[in-house]
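Work through the following exercises with the sequence and the model side by side. Each task is followed by a solution that goes step by step.

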Amino acid sequence: MPKKFCTAISCIDGRIQLPVIKYLQTRFDADYVDLITETGPNLLLSAQRDSRSVESILAKLRISVSNHDSVGIAVVGHHDCAGNPAPKAEQLAHIRDSIAFLQQHCQELEVIGLWVDENRDTSEIQGGHSQVKS
Ligand SMILES: [Zn+2]
């Protein structure tokens, strides 16, 4: 059996890596989780003001998808984020915006959001799987 990969676009924050990996291995039935890290990636992908960072994330994402046949993508936000200090409600909106943006680039894959709280509990933010093929 070939090993299965999924992809997390996550924060650099060391507190959230293990919870995110464990959640996604179960969620996507994956052996490995490719990690693309930035500070506050949900803000970067939501605002898309820093086009170099956005391009860098997308370039890494394309490699994960094409070389590892990633089966799903998660964009992550978390409590007490140095890169995205916005309150939770705002960060959840950033995650939903990021899901919509990523879904445009990877229409064939499921894109979900994750929120990691102050206890490092992880919950899923639904973005919906786009069935539209263009
Ligand atoms: Zn962070």
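What percentage of the contacts in the chain with a separation of 6 or more do residues 24 or more positions apart account for?

Solution. This is a predicted model, in which local features need pLDDT of at least 70 and side-chain atom pairs count only at pLDDT 80 or more, while totals for chains, interfaces and linings use all residues. Residues are numbered from 1 along each chain as its sequence is written. Take two residues to be in contact if their C-beta atoms, placed from the backbone, lie within 7 Å; among contacts with a separation of 6 or more, residues 24 or more positions apart then account for 72%.

Exercise: list the elements of the chain and describe how its strands are arranged.

Solution. Helices (H or I, at least four residues) and strands (E, at least two) are DSSP runs, numbered from the N terminus. Read from that end, the elements run β-α-β-α-α-β-α-β-β, which comes to four helices and five strands. With strands counted as paired if DSSP finds at least two bridges between them, the five strands form an open sheet of mixed pairing in the order E2-E1-E3-E4-E5. E2 and strand E5 (122-125) stand at the edges with a single partner strand each, so one side of each has no neighbour in the sheet. Further in, E3 and E4 pair in the parallel sense over seven bridges, and Ala74 has Ile112 in E4 as its bridge partner.

Exercise: find the contacts of Leu24 outside its sequence neighbourhood.

Solution. Once neighbours within four places in sequence are set aside, Leu24 is in contact with Cys6, Ala8, Ala30, Val33 and Ala74.
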